[in-house]
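Here are my notes after a pass through this one, with the interfaces as the main topic. Have a look at the model and then go through the points in order.

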Amino acid sequence: MSEQVVNEQYVLQVNGEAREVHDAWVGESLLYVLRERLGLPAAKGGCEQGECGSCSVLVDGALVCACLVLAAAVTDTEIVTLEGLQPDERGALSIVQQAFVEEGAVQCGFCTPGLVMAVEDLLARDAAPEDLTVREAVSGNLCRCTGYGRVLAAIDRAVGATKEAAR
Amino acid sequence: MTVVSRRSTRTEPTAGGRVGDSAIRPDGVPKVRGEFAFAGDLWAEGMLWGATLRSPHASAIVRHVDIGPALAIPGVRAVLTATDLVGRNRYGLEHRDQPVFVEDVVRYSGEPMAAIAADHPDTARRARDAIVVDYEVTPPLTDPEVAIDAPAIHPDGNLFRQLVVRRGDPSTRGPVVVEGTYEIGMQDQAFMGPEAGLAIPADDGGVDLIVSTQWLHNDRDQVAEVLGLPPDKVRLTLGGVGGAFGAREDVSLHIHSCLLALHTGRPVKTVYSRRESFLGHVHRHPARIWMRHSAEPDGTIVSFETRIVLDGGAYRSSSFHVTANAACFAAGPYRVPNALVEAYGVRTNNPPCGAMRGFGAVQVAFAHEAQMDRLADACGVDRVELRLHNALASGDELLTGQRIEGSLPVAEVIRACMALPEPPPAVDDVLARPGGAGNTTDASSVRREVGFAVGFKNLMYAEGYDDDSVARCRLEDGVATITCAAAEVGQGFVTVAQQFARTILGVDDVFVDPADTSIGSAGSTSASRQTMVSGGAVEAACRAVAARVLEYVAETHGIDPEALTLTDGRIQSADGRVDAVIASVAPGIVFEAEEEFHHRVTHPLDADGQGDAHVSFACAAHRAVVDVDPELGLVRVVHIATAQDVGRVLNPLQCLGQIEGGIAQGVGLATMEELLVDEGRILNPSFTDYLIPTALDAPTVAAAYIEEPEPGAPFGAKGVGEPPTISSTPAVVAAIRAATGRPLTRVPVRPDDVAGLT
């Protein structure tokens, strides 16, 4: 039985920092490396197939499922996780995060980091999305607790608050 | 103990929020920041990764297992099989009928054969695949009807339960008779956070396990039995739970992880893949149900007969009680003077089935609500009117002869649901049509129809079980801390516990400690029971602390405690001598109380299925508006109006969240969710192939609440988790029947069924 093939070392740019990864098996996903090697467990593993969106992160500004990306294939990109997307102060929340808390969009919370990433990404592209646009934008993020009602309410609130902040 | 993780599940004390307010979750901020520690987020110095080898065959004799090739792989630290167990190789939620590892007989596809620990998850996977098992494959017993009389596939036999309920004279017939046979496919709970746990060997020879579960103490006892350890050497702590819905009532990776940790002397983390999650937990029982109703021409139900066969799969899990619920609630929330119910929970070589939201009641509601529509049509009576005409109410008797002592406002939920406005006409957008982005449905093909259904079930545990919980309240300088082993799985118990403490003690700051086995059992987070049972214990503990504070103040002022009142955090005496705020009345002094809650005693069912077996009940009505493309077989559930019997709304936001979430699962069962099983093997154990509703599939929900306080329940509140899943499914299917004119007697309704190709 052959041994695992490992990369001696590579560097990922995560949340604005250069992070070294040592002696990692070549097959490790970005999700695994973020969670288990770099101490960034906000992105969650829910399906390993890019179906549930719980592992959503930004790679060079594009929303991707970190479970589908080989970590060693995204050297020389800018990776942003939920940990890097929020205000720095302890406990401070982005408009989207605040809306999720106050509108009851969080139950078990497992899908929440991925949903927050997807909504932040949507609002960065479209500050005033229509209902169906919102539903489509988050249709790649499965949630089993909420039935999406409070999630959609939170997005409505975040859209309103974003408009308000822009004035 | 090794230092674990960077984060915890400890909750923050959120500002404000008494009973009746939309208090926000104390774990909401950590969850939106990605800082809440789910069980799979844990990490310990030197930890290994666990993996499980599972039988691909549903039925087989094991001739030989060779673990040598796995052990030869560098980085593999342990490979354990049945021969490595020192304790008893049996576990099970209610009855220990399931081997931890297969000894000689495989009874389902997915049954654990061996557990592996390695220094990397991929090494563990490779080791798992390197184990050589010599199986003699035997034909699986997969038809539950056949299994009833077939040779036993387990020493306990093939019947988990056979229950007969007789009421009145079942041979009595009204002039209008309708009958039908209905089938319910195997639904999965499909929680988002796969099973995960971290087992850590302890210096005292015991083990600590941090795990996602619904019932810490039941798990603890099962683990301890297999490890051969006294229960106090097995300490469980709740890791953050990514949803549950019944699937975490049974032990999954708990015992394997603890065995590996004790064997290697190192922490072992196990996280199931989605595939393994589908293989490694119980599902909703598939069912085949025949029903016959007779009625007077005005729609008054005269008689009811049913035969219910529930496929429990290879091991018992909760099949015994699922069978009881299906039997007890088979007629729905209607007065039935004469009835004969035969219900079977059957063992087969299919995947084990157990608890899922609304168990037993969900299956029969699909059947009895289809029957109600048929009966109304046969009598020429309006479908909603027929239900109102037969609706159960307090004081009526169930099929089991039990008189309903508490509240059960069936007619009220029906009227309140029908009074909710219908949605506006369809938006002319392709995404809003059945089939959505597939862009296949022409707007002119869409038929919009309405379906209606009602359902009910019991709350809390039944049939004589002493259902209890214990909670501790500690108050110091105006800060309260609640300790309770109730598993928070997303439903919001932690919020409700804070609201109870704030309301009773009049303080703002309330912590809820992480749940663990250092305090007594809180029972399971299931059967819509934690708000009532653990909530009852929290209420009692807070009231005991309040009484102690008053005693202290009375003593220091030399007055009778009876002369003091505590209202909204303010302690006052009738004579005006005392007027103080609870937060500052006793600096540095700790008041603490631990209280148990038991609901009233229930009794087993007798040989005729009669008895006072259930504590409380809850009902709900659902009206579904569904757009259907009958030609292409496509369906979009547009809107669901519901009215639910909730006792009292403790938290409007969380109540609505439970209702919307439960409805989505009911819509899933109606339109898309089914584990396909062929010769005992699950064909679609992935989110690519097992579909659950997305944001584009989920209907808009309008909800109304009927608030009739339930006697004996804290603040009069009923559990709200299960009723939304019970009648949402039949309401959706009734609308699809209306659009297609087809009988649609099986869920999920597939495109082929809608289009008439089956």
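1. Starting inside chain B: keep in mind that this is a predicted model. Between domain 1 of chain B and domain 2 of chain B there are two salt bridges. One to pull up on screen is R347(B) with D97(B), where the N to O distance is 3.3 Å. The polar contacts across this boundary come to 11 residue pairs, both partners being at pLDDT 80 or more. As for what lines it, the side of domain 1 of chain B that touches domain 2 of chain B is made up of eight nonpolar, five polar and eight charged residues.

2. On the extent of that boundary: 21 residues of domain 1 of chain B touch 24 residues of domain 2 of chain B, and about 1,900 Å² gets buried between the two, with carbon and sulfur atoms giving 56%. E94(B), D97(B) and F278(B) account for 32% of what domain 1 of chain B buries here, more than any other three residues. So D97(B) turns up in that trio and also in the salt bridge with R347(B), a pair that qualifies because its 3.3 Å gap is within the 4 Å cut-off.

3. For orientation, the assignment splits chain B into domain 1 (39–139 + 194–241 + 248–280), domain 2 (287–463 + 604–755) and domain 3 (468–598). The C-alpha centres of domain 1 of chain B and domain 2 of chain B sit 36 Å apart.

4. Is L48(B) buried or exposed? L48(B) has a relative accessible area of 0%, and it counts as buried because that is under 20%. L48(B) belongs to strand β1 (residues 48–54) of chain B. Beyond its neighbours within four places in sequence, L48(B) has contacts that include R77(B), A117(B), T264(B) and V268(B). A613(B), 565 residues away along the chain, has its C-alpha atom 47 Å from that of L48(B).

5. Now the contact between the chains. It draws 69 residues from chain B and 58 residues from chain A, burying about 4,900 Å², 58% of it on carbon and sulfur atoms. V32(B), R33(B) and M192(B) bring 16% of the area chain B buries against chain A, more than any other three residues.

6. What about charge and polarity there? Chain B and chain A share five salt bridges. In one of them, E660(B) pairs with R150(A), with the closest N and O atoms 2.7 Å apart. There are also 25 residue pairs in polar contact across this interface, both at pLDDT 80 or more. Helices α1 (28–32), α3 (121–130), α7 (274–280) and α14 (652–671) of chain B each put at least two residues into the side facing chain A, and α14(B) has the largest share with eight residues. By class, that side of chain B holds 32 nonpolar, 20 polar and 17 charged residues.

7. Chain A has its own domain boundary, between domain 1 (8–85) and domain 2 (95–166). The C-alpha centres are 22 Å apart, and 17 residues of domain 1 of chain A meet 13 residues of domain 2 of chain A. About 1,100 Å² is buried, carbon and sulfur atoms giving 68%. L63(A), L82(A) and L85(A) supply 39% of the area on the domain 1 side, more than any other three residues.

8. How many salt bridges cross that chain A boundary? Zero, though three residue pairs are in polar contact, both at pLDDT 80 or more. On the domain 1 side, β3 (56–59) and α2 (82–85) of chain A each give at least two residues, and β3(A) gives the most, with three residues.

Methods
Residues are numbered from 1 along each chain as its sequence is written. Chains are lettered from A and ligands numbered from 1 in the order in which they are written. This is a predicted model: local features need pLDDT of at least 70, side-chain atom pairs count only at pLDDT 80 or more; totals for chains, interfaces and linings use all residues. Side-chain values use heavy atoms; hydrogens and water are left out. Contact means heavy atoms within 4.5 Å. Buried area is the accessible area (1.4 Å probe) that two parts lose on being put together, summed over both. A salt bridge is a side-chain nitrogen of Lys or Arg within 4 Å of a carboxyl oxygen of Asp or Glu. A polar contact is a pair of N or O atoms within 3.5 Å; within protein, one must be able to donate a hydrogen and the other to accept it, and residues adjacent in sequence count only if both atoms are side-chain atoms. Helices (H or I, at least four residues) and strands (E, at least two) are DSSP runs, numbered from the N terminus. Ala, Val, Leu, Ile, Met, Phe, Trp, Tyr, Cys and Pro count as nonpolar, Asp, Glu, Lys and Arg as charged, and the others, Gly among them, as polar. Domain bounds come from an automatic or database domain assignment. Buried means under 20% relative accessible area, exposed over 50%, partly exposed in between (1.4 Å probe, protein chains only).
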